[in-house]
Amino acid sequence: MGRRREGREAAIQFLFARDLQGQTKPEDADVFWTLHSAKASTRAFAENLIKGVLAHQEQIDSGITRLLENFSFERLAAVDRNVLRVASFELLYCPDVPTPVILNEAIDIAKALSAGESGSFVNGVLDKLAKSLRSPEPKKVENPISAADA
């Protein structure tokens with residue numbers, strides 16, 4: 001598993017624990033990292049995601065809420081809610097990360113950490129969000145025709 005995947009999973013686990021415990025104290029992060037052994041680069045990536053989600057949580061949560069159909073944000077499974085938060089943060093604030101990477105990682109993590117149809121659910125919500133926030137990725141042409149060839 002790559003550093004970024006591990007970092008995303010760690011960020012989701014931290015945010016999940018925070019959801020269950022309510023507001024956290026600064027020392028809670030130290031306790032989390034004591035229990036979750038990670039390389040320094042993985043930890044740094046996860047901490048950037050965590051800080052970003054927490055700094056923009058109100059905007060992220062309201063964006064997710066607008067996309068939910070016949071479902072309230074509060075009723076989302078805590079794992080799914082935090083997978084959506086991390087992926088939404090990346091879609092909004094990490095333009096260097098390709099949209100398909102964000103979606104695939106979120107779907108795979110939801111399948112691994114959550115239950116049932118979580119992967120499909122996360123896919124549906126993030127697909128709508130990605131389409132509203134980012135233009136489609138340009139398709140690469142295998143054998144482009146240059147003006148000289150024409």
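Start by selecting helix H5, residues 78–93, together with helix H6, residues 99–113, in this predicted model. Their axes sit 10 Å apart, and the packing angle is about 170°. Since angles over 145 degrees count as roughly antiparallel, that makes H5 roughly antiparallel to H6. The crossing of H5 past H6 is right-handed.

Now show side chains for the two faces that touch. On H5, pick Val79, Val83, Ala87, Glu90 and Leu91. On H6, the partners are Thr99, Ile102, Ala106, Ile109, Ala110 and Leu113. Colour that set by residue class and you should get nine nonpolar, one polar and one charged.

Stay on H5 and zoom in on valine 83. What does valine 83 contact, once neighbours within four places in sequence are left aside? The list is Ile12, Ala106, Ile109, Ala110 and Val122. Of these, Ala106, Ile109 and Ala110 also belong to the H6 side of the contact you just looked at.

Next, keep H5 on screen and add helix H4, residues 57–67. The axes of H4 and H5 come within 10 Å and cross at roughly 105°. With 65 to 115 degrees as the range for roughly perpendicular, that makes H4 roughly perpendicular to H5. From H4, select Gln57, Gln59, Ile60, Asp61 and Ile64. From H5, take Leu84, Arg85, Ser88, Phe89, Leu92 and Tyr93. By class, the residues of this contact split into six nonpolar, three polar and two charged.

Time to pull back to the core. The largest nonpolar core has 37 residues. Which residues have the most contacts inside it? Select Ile64, Val83, Leu84, Val86, Val122 and Leu126. You have already met Ile64 in the H4–H5 contact, along with Leu84, and Val83 in the H5–H6 one.

To see where the core comes from, colour by element: H1, helix H2 (26–35), helix H3 (40–55), H4, H5, H6 and helix H7 (118–133) each give two or more residues. Which element gives the most to this core? That would be H5, with seven residues.

For the last stop, go to helix H1, residues 3–21, and click on glutamate 6. Buried, partly exposed or exposed? Its relative accessibility is 30%, so glutamate 6 counts as partly exposed. Then draw a C-alpha to C-alpha distance from glutamate 6 to lysine 39: the value is 9.6 Å, for two residues that are 33 apart in sequence.

Conventions. Residues numbered from 1 in each chain as written. Predicted model: local features only at pLDDT ≥ 70, side-chain atom pairs only at ≥ 80, totals over all residues. Heavy atoms only, no water. Axes fitted to C-alpha atoms, helices over the stretch in contact; angles between N-to-C directions. Helix = DSSP H or I, 4+ residues; strand = E, 2+ residues; numbered from the N terminus. Parallel < 35°, antiparallel > 145°, perpendicular 65-115°, else oblique. Left-handed = near helix turned anticlockwise from the far one by under 90°. Contact = heavy atoms within 4.5 Å. Nonpolar A, V, L, I, M, F, W, Y, C, P; charged D, E, K, R; others polar. Buried < 20%, exposed > 50% of the residue type's maximum accessible area, 1.4 Å probe, protein only. Core = buried A, V, L, I, M, F, W, Y, C linked by side-chain atoms within 4.5 Å.
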